[in-house]
Amino acid sequence: MLFESRTLQWFANRVETVEMRCNAHREMQTTVARHLLDRERRGELVQFEDDEARAICISSDMLWELSVRHADGSQSHVASFSFEKCVALLQRADGMRLPGNVAA
């Protein structure tokens, strides 16, 4: 729990909003693949580490999503099969770095 609290606080200090979702596709009783397609149709490009990570989410029915809105109004959406993977991907995608004592 300490990792998540420190990580989320770090994001909160650097971005306008942070949204974390786990298995949001289940709210609509749909599949991961259809949920992702719906987000893409709405113009929300969801980044995965690679095609394999996306395939793991679809086959395991496990989807973590992390979205941030930056001060300039831009948004970043990343997804993976674990929260830690989402944090690491967002760091790489946006050049954001956690302090040295908090590793993703």
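**Notebook: contacts, cores and strands**

**Entry 1, overall.** I began with the contacts between residues at least 6 apart in sequence: 59% of them in the chain join residues at least 24 apart. The model is a predicted one, and I keep that in mind throughout. I then looked up the secondary structure and found four helices and four strands. Their order along the sequence is α-β-α-β-α-β-β-α. The chain has 104 residues, of which 36% are buried. I also noted the exposed area of the chain, about 6200 Å², with 48% of that supplied by carbon and sulfur atoms.

**Entry 2, nonpolar cores.** Which residues make up the largest nonpolar core? I listed 11: W10, F11, V15, L66, V68, V78, F83, C86, V87, L89 and L90. I sorted them by element, and those giving two or more residues to this core are α1 (2-12), β3 (64-69) and α4 (83-94). Helix α4 provides the largest share, five residues. I found another core lying apart from this one; eight residues belong to it, including L36, F48, L63 and A79.

**Entry 3, helix α2.** I went through α2, residues 32-41, and marked V32, H35, L36 and R39 as its buried residues. Looking down the helix axis, I find these buried residues within an arc of 95°, so they line one face of α2. I set this beside the general rule: an α-helix has 3.6 residues a turn, so residues three or four places apart point the same way. On the face of α2 turned away from the buried side I noted R34 and R41, both exposed. What covers the buried residues of α2? My list of cover includes the strands β1 (17-22), β2 (46-47), β3 and β4 (75-80), together with helix α3 (51-60). I also checked what follows α2 and came to G43, which has a positive phi near 85°.

**Entry 4, strand β4 and its partners.** Is β4 largely enclosed or open? I counted five of its six residues as buried, so the rest of the structure largely encloses β4. I looked at its pairing with β2, which is parallel and runs over two bridges. Here V46 has H77 of β4 as its bridge partner. The pairing of β4 with β3 is antiparallel, and I count six bridges for it. Within β4, S76 is the residue that stands opposite V68. I noted that β3 and β4 form a hairpin, with five residues between the two strands. The turn contains G73, and its phi is positive at about 95°.

**Entry 5, S67.** I picked S67, a residue of strand β3, for a closer look. Is S67 buried or exposed? Its relative accessibility is 9%, and residues under 20% count as buried, so S67 is buried. I then asked which side chain S67 joins through a polar contact. The partner is H77, at 2.7 Å between the side chains. H77 had already come up in Entry 4 as the bridge partner of V46. Leaving out residues up to four places away in sequence, I find S67 touching T17, V18, E19, R39, S76 and H77. Of these, R39 is on my list of buried residues in α2, and S76 is the residue opposite V68.

Terms used
Residues numbered from 1 in each chain as written. Predicted model: local features only at pLDDT ≥ 70, side-chain atom pairs only at ≥ 80, totals over all residues. Heavy atoms only, no water. Buried < 20%, exposed > 50% of the residue type's maximum accessible area, 1.4 Å probe, protein only. Contact = heavy atoms within 4.5 Å. Areas by Shrake-Rupley, 256 points an atom, 1.4 Å probe, with all protein chains shown as cover. Core = buried A, V, L, I, M, F, W, Y, C linked by side-chain atoms within 4.5 Å. Arc of directions from axis to C-beta. Polar contact = N/O pair within 3.5 Å; in protein donor to acceptor, adjacent residues only side chain to side chain. Pairing = 2+ DSSP bridges.
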